[in-house]
Amino acid sequence: MTYIPLNVHSQFSILDSTASVTTLAEKAKSLKIPALALTDEGNLYGAVDFYKACQAAGVKPILGCKICMAPGSRLEKKRTPGASNGNSVVLLAKNNLGYKNLCRLSSIGFLEGFYYVPRIDKEVLSAHKEGLICH
C-alpha cells in the first residue's frame, strides 16, 4: 500500500512549518512517495512553486488548503465565551475548477470572513464546492 500525505504544511503556514515547497517535493521523491498534497493554513501562497517543484521532482502535486469554517456566518465578527472561533477543514482540488474554487474560497476568507484567521462558512462553501474534496 502506498502512503500519500494529504495534509502537509510549508513555510507559508506561519508557525506551523519551516519546510520550503522545494524541500517537500525533493523529500517526497527520496522517499518514493508518488504524490503529495500541500494544504497550508488558509492560503495558497505556495501553490504555484509547489506545483513546479513537484513536477520537477516527478511527484504528483495535489493542491489544497486547510481553511477555518466559521461556527455561524463568516460575516459575524464576535467571540462567544466558551465557543470555538471555528473548525478547520482540509479541501483538496480534484481538477482545475477545484483549484479556482479554492482560490475563491481563500480570497473570500480573507476579504469577508477574516476574524483572527481567514474563515468561510457553509453558505460560501456550498456555492464554490465544485471540483473539491473535503478531507
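These legends walk through several close-up views of one predicted model.

**View 1. The whole chain, from end to end.**
Start with the overall layout: the chain has four helices and five strands. Read from the N terminus, the elements follow the order α-β-α-β-β-α-β-α-β. The C-alpha trace spans about 45 × 30 × 30 Å along its principal axes. For 135 residues, a compact globule would have a radius of gyration near 14 Å, and the value of 15 Å for this chain agrees with that. Contacts also link distant parts of the sequence: of the contacts with a separation of 6 or more, 72% are between residues 24 or more positions apart.

**View 2. The surface and its charges.**
Here we look at the outside of the chain, which exposes about 7,800 Å². Carbon and sulfur atoms supply 57% of that area. The chain carries 16 positive and 10 negative charges, and the mean positions of the two groups are 4 Å apart. As for the inside, buried residues make up 45% of the 135 residues.

**View 3. The largest nonpolar core.**
In soluble globular proteins, nonpolar side chains tend to be buried together. In this model, the largest nonpolar core has 29 residues. Look for Leu 36, Phe 50, Leu 91, Leu 102, Leu 105 and Ile 120, the residues with the most contacts inside this core. Several elements each supply at least two core residues, among them helix H1 (21-30), strand S1 (35-38) and helix H3 (96-111). Helix H2 gives the most, with five residues. A second, separate core has five residues, including Ala 37, Ile 62, Val 90 and Leu 92.

**View 4. Ile 120 and the residues around it.**
Now zoom in on Ile 120, one of the residues with the most contacts inside the largest core. Which residues does Ile 120 touch, not counting those up to four places away in sequence? They are Ile 67, Cys 68, Met 69, Ala 70, Arg 74, Leu 105, Gly 109 and Leu 125. Leu 105 appears on this list, and Leu 105 is also among the residues with the most contacts inside the core.

**View 5. Arg 79 in its loop.**
Arg 79 sits in the loop between S2 and S3. Is Arg 79 buried, exposed or partly exposed? Its relative accessible area is 46%, so Arg 79 is partly exposed. Leaving aside neighbours within four places in sequence, Arg 79 is in contact with Asn 85, Tyr 115 and Tyr 116. Met 1 is 78 residues from Arg 79 along the chain, and the C-alpha atoms of the two are separated by 44 Å.

**View 6. Ser 17, ahead of the first helix.**
Find Ser 17 in the segment before H1. Ser 17 counts as buried because its relative accessibility is 19%, under the 20% cut-off. Not counting residues up to four places away in sequence, Ser 17 touches His 9, Ser 10 and Gln 11. Asp 40 is 23 residues from Ser 17 along the chain, with 9.2 Å between their C-alpha atoms.

**View 7. Two residues with positive phi.**
Leu 15 lies in the segment before H1 and has a positive phi of about 70°, although it is not a glycine. With 84% relative accessibility, Leu 15 counts as exposed. Lys 32, in the loop between H1 and S1, is not a glycine either, yet has a positive phi of about 60°. Its relative accessible area is 73%, so Lys 32 is exposed.

Technical notes:
Residues numbered from 1 in each chain as written. Predicted model: local features only at pLDDT ≥ 70, side-chain atom pairs only at ≥ 80, totals over all residues. Heavy atoms only, no water. Rg over C-alpha atoms; globule rule 2.2 N^0.38 Å. Buried < 20%, exposed > 50% of the residue type's maximum accessible area, 1.4 Å probe, protein only. Contact = heavy atoms within 4.5 Å. Areas by Shrake-Rupley, 256 points an atom, 1.4 Å probe, with all protein chains shown as cover. Lys, Arg positive; Asp, Glu negative; His and termini not counted. Charge placed at Lys NZ, Arg CZ, Asp CG, Glu CD. Core = buried A, V, L, I, M, F, W, Y, C linked by side-chain atoms within 4.5 Å.
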